[in-house]
Amino acid sequence: MGLKDIIRAVREYPAAHDDLEVARLELRQAQQALEKSDQDRESLSFELSEQKDYTDFLSYKAEAFQDALKEFCPRLSTPEEMKRFYDTISPSMDERGFTLYRMAKELTGIDVPSCFPYEDNRGLFEEMDGHQLLDWLTAVRFQAVEWEIIPNSTYEYATLLEVDTSTPEYCVFEKQLYKKVLERMGFQDILAPEQEVSAIEDKTTELKLYSPLTADLYMEPDPDSQEHADGTELLVDLYGEDLTAYKKIILQAIKDEMLPEMEEQGLMFAFSGSGTLSEKVLSLFPTVEEVDGVLCGAAVCQVKGSLTPAELTELKDFCTSQYADSWGEGYAQRPRHTEDGELYVNFWQDNNFSILTKEELETTRTASRPLRQPKRGGEAR
């Protein structure tokens with residue numbers, strides 16, 4: 001190295017020394033960052049392991065719940081059961097109902113916005129949730145839409161009408177829809193197989209519809225009593241708990257009222273309502289039954305398969321009409337002789353009348369007994 005090189009090196013040394021110190025500082029900072037990165041990686045790895053353990057726990061828990069559902073709960077077979085199950089889990093798993101709507105769209109091939117161009121152009125569907133969109137889809141599917149031309153335009157706007165949910169077509173659609181939804185949500189194991197569903201639909205079961213029972217008892221006047229010395233009869237209003245002593249007489253009277261055409265179907269021989277209900281309800285025979293010391297009217301029905309809520313309502317309405325205007329009206333007008341007097345039994349009443357299934361009766365049987373007020377016969381009938 002020459003003298004010039006030595007002199008240049010001496011001159012450049014301070015700057016080189018500073019650069020070296022900067023490099024050393026940067027190296028120390030990089031080492032510290034690397035150490036922190038390793039610490040963060042270890043912390044994240046630990047958190048990931050904990051999350052994996054918790055995820056595995058939730059997975060095992062879900063599997064356990066699925067096994068428990070299969071073990072302790074009957075498998076879902078009817079649209080009502082599937083819908084009730086969906087309504088229970090949807091707040092957590094399908095709060096806005098878009099899974100429900102997407103399955104309906106997949107099932108029917110109906111795209112709501114394309115069916116209603118005027119409403120779509122106005123942005124009507126943009127803020128709707130799945131439940132609202134489903135209303136529009138089912139209206140299209142079951143032709144429950146009324147169209148009206150907008151003046152001075154080529155557009156039509158739609159008014160949705162009420163969908164008849166009691167038709168066989170709607171029942172099939174609803175069953176298929178909720179089956180697809182529950183399968184999509186992972187609950188296929190608690191759905192009844194098709195062969196099991198067919199067996200349930202073919203099975204005949206007994207359904208009882210309970211209603212209040214009252215009677216009017218016309219008693220002969222007590223010859224020793226001055227109150228009815230004029231010979232007028234004493235009328236006593238009787239209610240369910242009072243009628244248990246007359247149960248055999250009432251049952252015999254019901255038997256006497258049976259017409260030859262009622263032998264197989266009972267009151268259903270006169271049914272003229274929906275075809276599906278006529279096929280499902282094989283017979284309906286009126287009788288009386290004692291429930292917790294109270295004698296009630298009871299319609300005993302033989303039912304094939306299961307009834308939808310709409311069909312059950314129709315059956316109750318038919319039974320009410322039979323009690324009020326047909327069979328029950330004639331039954332109430334014929335006296336039954338008892339040791340206490342002439343008994344007129346009423347299966348229907350003007351006030352507080354209801355027809356309930358056994359389950360409904362068990363939860364609503366809280367009505368108080370009306371007051372008994374003897375009246376003169378001429379004032380009552």
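How many residues line the second largest pocket, and which of them lie nearest its centre? I will start there, and then move to the sheet and the helices. Please keep in mind that this is a predicted model.

The second largest pocket is lined by 23 residues, and T205, L207, G305, S306 and L307 are the ones that lie nearest its centre. Its volume comes to about 710 Å³. Several elements each give two or more residues to this lining: α2 (79-93), α8 (194-202), β3 (204-211), α11 (309-325) and α13 (358-364). The largest share comes from β3, with 5 residues. By residue class, the lining of this pocket has 9 charged, 8 nonpolar and 6 polar residues.

Now the sheet, since β3 belongs to it as well. The sheet is open and has 4 strands in the order β6-β7-β3-β10, paired antiparallel. At the edges are β6 (281-291) and β10 (356-357), each of which pairs on one side only. Between β3 and β10 the antiparallel pairing covers 2 bridges. Y210 stands opposite L356 in β10.

Two helices lie across strands of this sheet. Helix α11 lies across β3, β6, β7 and β10, and runs at about 55° to β3. Helix α9, residues 247-257, lies across β6 and β7 (294-304), with an angle of about 160° to β6. To link this back to the pocket, α11 is also one of the elements that give two or more residues to the lining.

Next, helix α3, which spans residues 98-108. Which of its residues are buried? They are T99, L100, Y101, M103 and A104. The cover over these buried residues includes α2, α4 (112-115), α6 (130-141) and α7 (168-184). After α3 comes G109, which has a positive phi, near 75°.

Last, one glycine. G328 lies in helix α12, residues 327-333. Why does G328 count as buried? Because its relative accessibility is 2%, and the cut-off for buried is under 20%. Leaving aside neighbours within four places in sequence, G328 is in contact with Q322 and Y323. G328 and I254 are 74 residues apart in sequence, while their C-alpha atoms are 9.9 Å apart in space.

To recap the pocket: the volume is about 710 Å³, and β3 gives the largest share of the lining. That is what I have for today.

Methods:
Residues numbered from 1 in each chain as written. Predicted model: local features only at pLDDT ≥ 70, side-chain atom pairs only at ≥ 80, totals over all residues. Heavy atoms only, no water. 1 Å grid on protein atoms, 1.4 Å probe; cavity = no way out; pocket = protein on both sides within 12 Å on 5 of 7 lines; lining within 4 Å. Points joined across faces, edges and corners; volume = space filled by probe spheres on them. Nonpolar A, V, L, I, M, F, W, Y, C, P; charged D, E, K, R; others polar. Buried < 20%, exposed > 50% of the residue type's maximum accessible area, 1.4 Å probe, protein only. Contact = heavy atoms within 4.5 Å. Pairing = 2+ DSSP bridges. Axes fitted to C-alpha atoms, helices over the stretch in contact; angles between N-to-C directions.
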